[in-house]
Structures are given as C-alpha cells and as structure tokens.
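Me: I've got a model open and a pile of labels I'd like justified. Could you walk me through where they come from?

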Amino acid sequence: MLKPLRPNSSKNQTSRGESIPAPVGGWDAVSALADMPEDRAVVLENWFPTTKDVRVRRGHRIHGSGMGDGAVESLLPYNGLTLATSKLFAATDGKIYDVTASGAGSSSVTGLTNNRWQYVNFTTSGGKFLWVCNGADDPRHYNGSAWATPTITGVTGSDIINVNGHKNRLWFVLKDSTKAAYLATGAVAGAATTFELGGLFTKGGYLVAMATWTRDGGAGEDDVAVFISSRGQCVAYVGTDPAAAETWQLVGVFDLGSPIGRRCFTKVAGDLALVNIDGVLPLSKALETDRGASANIAITANINYAMNEAARSYASNFGWELMPYAKGTMAILNVPIQEGETQQQYVMNTLTGAWCKFTGLNANCWTVYLDNLYFGGNDGYVYQADTTGVDVTEPINAVGQGAYSYYNSPGRLKQWKLLQPLLTTDSSARPAVGISTDFRDNATLGTPTAGQSISAVYDTAIWDIDVYAVEGRTVADWTGIAGVGQCASIHFRAQTGAASISIWGVSDWGQDPWSSSVGGDVVMRMNGFNVIYEPGGFL
C-alpha cells in the first residue's frame, strides 16, 4: 500500500541564519556602499581592526603635569646610550620641560617664543645630541646632561625651522626661503653653508622640509636626500658632499601634491611617507607614479574620500603628523579638526593595512619614547596612550557599522528579526546593536552596558563583596531587531568604564572597604555576528 510522502520540512522553514564576520578589513571610505567588501566597515570609530577581530582601543592617562594650561605642541625624545640616560621633553608655554618621569614636569629651557619644534637625534664623536629648531628662537641641543645654544654662522639661527641628519651631516631648512643649509661632517655647530633649491622649484613656493629616503631599507650608499616645496615639488639628490659636483648628483624633480605641515615626512620601516593633500604617500611609489594616480598607491587608499575631505578642510591647522607605533602595530595620522582644541586620528594596522578612526584623544603632537606612545594635549598635560581602559576618567565610546549585504539574494525583500554579537570580554559589558536597511542610516540602538573590569587583590579583598578578575570569555546574547529591505548593515556600539581594584586601607571596614576606582585594562573584542532573518518575495 502506498504511503503519502512526508512534507518537506525545509520548505516550511521561513527563517534563515547567516554569519557575518567582524570588519577586520577596516574602515572603508572609498568603496560604493553597494559594492563594499564584507569585511569592511562604513564606520569604525574607536574600534581597532586586528587580524582576527575588532577591539575597543585602549585609553590614555596623565603622564606629565604642572606645565600650565596651554597646548603642548612638541614632544622631544632624547635617545641616550642606555634607557637610564634617555629623556623625554615637552614644549609648552614658552618653555621646554623634562617629562621623563611621570608627574610634574621640570623646566629645562625658558624664555622661548614658539613651542613648535622640529628635532633630530644626532650622534657625533663628541656624544649623542637632541638638536631642535622652530624658526623663531635660536636652535638648541641637549647632550645628555644639559641644554645649550649652538653657535651657527653663515645663516641666522632663528631662521632654522627644520632639521635632518643626512650622511653624518646636519641639514637645515630656512624658513620662508628656497634655501637649505648644512654643517660640516659630524658637527652640531659652526659654519653653515647654504644650498639654493629655488632654480628647481619651477612652480614657485618655499622649502618646507627635508628628509632621508633609504631605497634599500637601511642606511648606506642608496640614501637619497629629498627636499619638498610648499607647491609639492620634490627634489632628490644622491651623494655625500654637496660642495663637490662629483659626489653630489641630482636624481630628479618630481611633482607631488602640496605637503601638509612642517612634520610632513616620516620614516616608516624602509620607506619614507609623505603627508600631503593627496593622502599619505610612500615615496618609493610616489616618485614613480603620475600624480593623477597617486590615490591608488597611497597608504590611505582605503580611506581616500575621508582623507581628501580632511585635507581640504583642515590642511592649514597645526598638528598634522604621522606617527608609527610598532608595539601597537599602528600608524597614527593626527588630524587637527580645530587647532588647539579638537583632534582625531586616522589609524592603520601596519600588519594588515586596515584603517579605523580614533576620537577622544585630543592631541597636538605624538611621539614614541622607550616603545611607549605619548601625546601632547591641548591643556598643558602630556598623556601616555594605549594604556588603561578609560580616557583618564571618561569612558571610551566605540561605534561601528559594517558593510551592507544582500545575503546572496539581491532584489529579494527580507525581514531581519534577531542579531547575536559575538563579543569576547572580561567584564560585564554588553554592546548595543541594530540594523540599517537599503543604505539608510535608520538603525535603532539602545544604550550599551559599560565594560567595567572588576578585580580584587588577593588577601585584601572582602568575601562576598569584592570580585576576582576573570579571563576573557565570549558573550553571545541574542537581541531582537526590526528591519525590512533588500540589504542590511549591522551597527554596534560599546562603552568601557573604569576598573575597580581593592587596595588596603582606602575606605572604612564593612562598607565596600579598601576599594578604589582605577583605570585598568578592559578586554572588549568583537568577533562577528549571527543574524536571523525571514526572506520574502522578489521586488
């Protein structure tokens, strides 16, 4: 006897599930929304993309204080023979302060008119020197024990606005001119010989900066002296002695975009990066590429639109600077939105090339000192970055929006119902999530639960009151969402809070004793998302 066939259960299933990766490809400010790779993000603010997840950036804390309330516009590291002889200096309020140790800075140089110093660490037979200039005051140098004013003849010392060490010589840029100047080999003072570049600057303008480009990845015969004009003309020379034609030869003059600021050159690995109105360009490729195609070879290619908008709006503001930070696998481009008040950073993972944006770090200048990252604030403080789980005392707010996806069925209507963020955390944090449809920014997000890493010191904590630290664990709570459309983009927002650690003798017995709020690290990593949706008909 024939039996009826069982109904196909798959045909009765109305909901489907999909897994979406975390946007480890980083912030994308160049692709069309309809054609953005799945691992990219429309917005990635205070989330740093690693090779396997995106994580809330670490915070910052006060390092140097007691220097007034003006902007710290220069950080000047002295690289001594040992860690013990190395120093960190900060320029603000017409003074140079020693901020090597955490705490109140001590005044080292006074009576200055400008805080915007350029510097180089330079070693001679007479020792190691930190040589600084600003184009307004006489240059200074520090020899490991004291600051001094070097005697320079042949040029006016206060006209020296930029300095570079090339082939064991100090080279200078003279402000508001087309001239460079150089000292004798191994000298930090003495007679300076001028070197005119105006005849090569056919587009006019003045000399902005000089740097050394190492074509083979290390110092040697292939070192190239490069000079950049305010109109973007880059002049390159090879050789050792600019006074002798047989040992100093012109490589060429190359037309690039106009540089942004005096700190436009930065050595990155074996290359030289130039910050200009076209983006951040590696010189190894920029000199071989027509300017019209420079966006394609820029380090900032993935955020080209945002970079161009920032350059157009803020190029004249002081504070542009690219800072490589090896320990954090970051390259940090400082973008001054409002000079002396508000800055943000475009940050690249140097391992993957993925970008994100940092906000809440109002920095005039950056440096890496003894492998740690520091910035000068707008308020007279020097801060250490990439440390703690808060920004001094304020929580870190991180916002992300992933790429739009048609879920393999373009043109088909869908209704999104549930979203599961896969978060690794050591705290009570819960992100707020939502969804936008059909390229409209229409997500509804709640308020995230702040991440507060809670730990207690053994033998001082109170039973049943204090909580011991836990290792990172995955939190995967489902959240109801509502959205109808053909494609969708996931929004996610997280917040960190202060960490609490129990310390002997802080408060009274029996009332949450010995506890004090301090800025400990908070682990918050987004690994990906699971989505439940119901497919509909084709439109």
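Reply: Sure, here are the labels one at a time, and keep in mind that this is a predicted model.

Me: Let's start with Asn334 in strand E30. What makes it buried?

Reply: Its relative accessible area is 0%. Buried means under 20%, so asparagine 334 qualifies.

Me: And which residues does Asn334 touch, leaving aside neighbours within four places in sequence?

Reply: Asparagine 334 is in contact with Gly319, Trp320, Glu321, Gln343, Gln344, Gln345, Ala363, Asn364 and Trp366. Its side chain also reaches the backbone oxygen of glycine 319 at 2.9 Å, and a polar atom of that side chain lies 2.8 Å from the backbone oxygen of alanine 363.

Me: Why is the pairing of aspartate 278 with arginine 291 called a polar contact?

Reply: The two side chains come to 2.8 Å, and the cut-off for a pair of N or O atoms is 3.5 Å, so the distance fits. Aspartate 278 sits in the loop between E27 and E28. At 13% relative accessibility, it falls under the 20% limit and therefore counts as buried. Besides Arg291, Asp278 touches Gly257, Ser294, Ala298, Asn304 and Asn308, not counting residues up to four places away.

Me: Asn304 belongs to helix H4. How do you know that the buried residues of H4 line one face?

Reply: The buried ones are Asn304, Ala306, Met307, Ala310 and Ala311. Looking down the axis of H4, they fall within an arc of 165 degrees, so they line one face of the helix. Tyr305 and Arg312 are exposed, and they sit on the face turned away from the buried side.

Me: What covers the buried residues of H4?

Reply: The cover includes strands E2, E27, E28, E30 and E31, along with helix H3.

Me: On to charges. Why does aspartate 28 with arginine 40 count as a salt bridge?

Reply: The N to O distance is 2.8 Å, and the limit is 4 Å, so the pair counts. Aspartate 28 is in the loop between E2 and E3, with arginine 40 in strand E3, 12 residues apart. Aspartate 28, at 4% relative accessible area, is buried, and so is arginine 40, at 17%.

Me: Aspartate 386 and arginine 58 have their closest N and O atoms 3.9 Å apart. Why is that pair called a salt bridge?

Reply: The 3.9 Å separation is still within 4 Å, so the label holds. Aspartate 386 is in the loop between E35 and E36 and arginine 58 in the loop between E5 and E6, so the pair ties together parts 328 residues apart in sequence. Aspartate 386 is buried at 17%. Arginine 58, at 37%, lies between the 20% and 50% limits, so the right term is partly exposed.

Me: What makes Glu73, Arg116 and Glu339 a network?

Reply: Those residues are linked by salt bridges. One of the pairs is arginine 116 with glutamate 73, at 3.1 Å from N to O. Arginine 116 is in the loop between E11 and E12, glutamate 73 in the loop between E6 and E7, and they are 43 residues apart. The structure holds 13 salt bridges.

Me: Last one: which residues make the nonpolar surface patch of about 210 Å²? And how do you know that valine 392 is partly exposed?

Reply: Ile62, Tyr381 and Val392 make the patch. Valine 392, in the loop between E35 and E36, has a relative accessible area of 35%. Partly exposed runs between 20% and 50%, so the label fits valine 392.

Notes
Residues are numbered from 1 along each chain as its sequence is written. This is a predicted model: local features need pLDDT of at least 70, side-chain atom pairs count only at pLDDT 80 or more; totals for chains, interfaces and linings use all residues. Side-chain values use heavy atoms; hydrogens and water are left out. Buried means under 20% relative accessible area, exposed over 50%, partly exposed in between (1.4 Å probe, protein chains only). Helices (H or I, at least four residues) and strands (E, at least two) are DSSP runs, numbered from the N terminus. The arc is that of the directions from the helix axis to the C-beta atoms. Contact means heavy atoms within 4.5 Å. Patches are made of residues with over 30% relative accessible area and no salt bridge: like charges are joined within 9 Å, nonpolar side chains (Val, Leu, Ile, Met, Phe, Trp, Tyr) within 5 Å. Accessible areas come from the Shrake-Rupley method with a 1.4 Å probe; for residues, only the protein chains shown count as cover. A salt bridge is a side-chain nitrogen of Lys or Arg within 4 Å of a carboxyl oxygen of Asp or Glu. A polar contact is a pair of N or O atoms within 3.5 Å; within protein, one must be able to donate a hydrogen and the other to accept it, and residues adjacent in sequence count only if both atoms are side-chain atoms.
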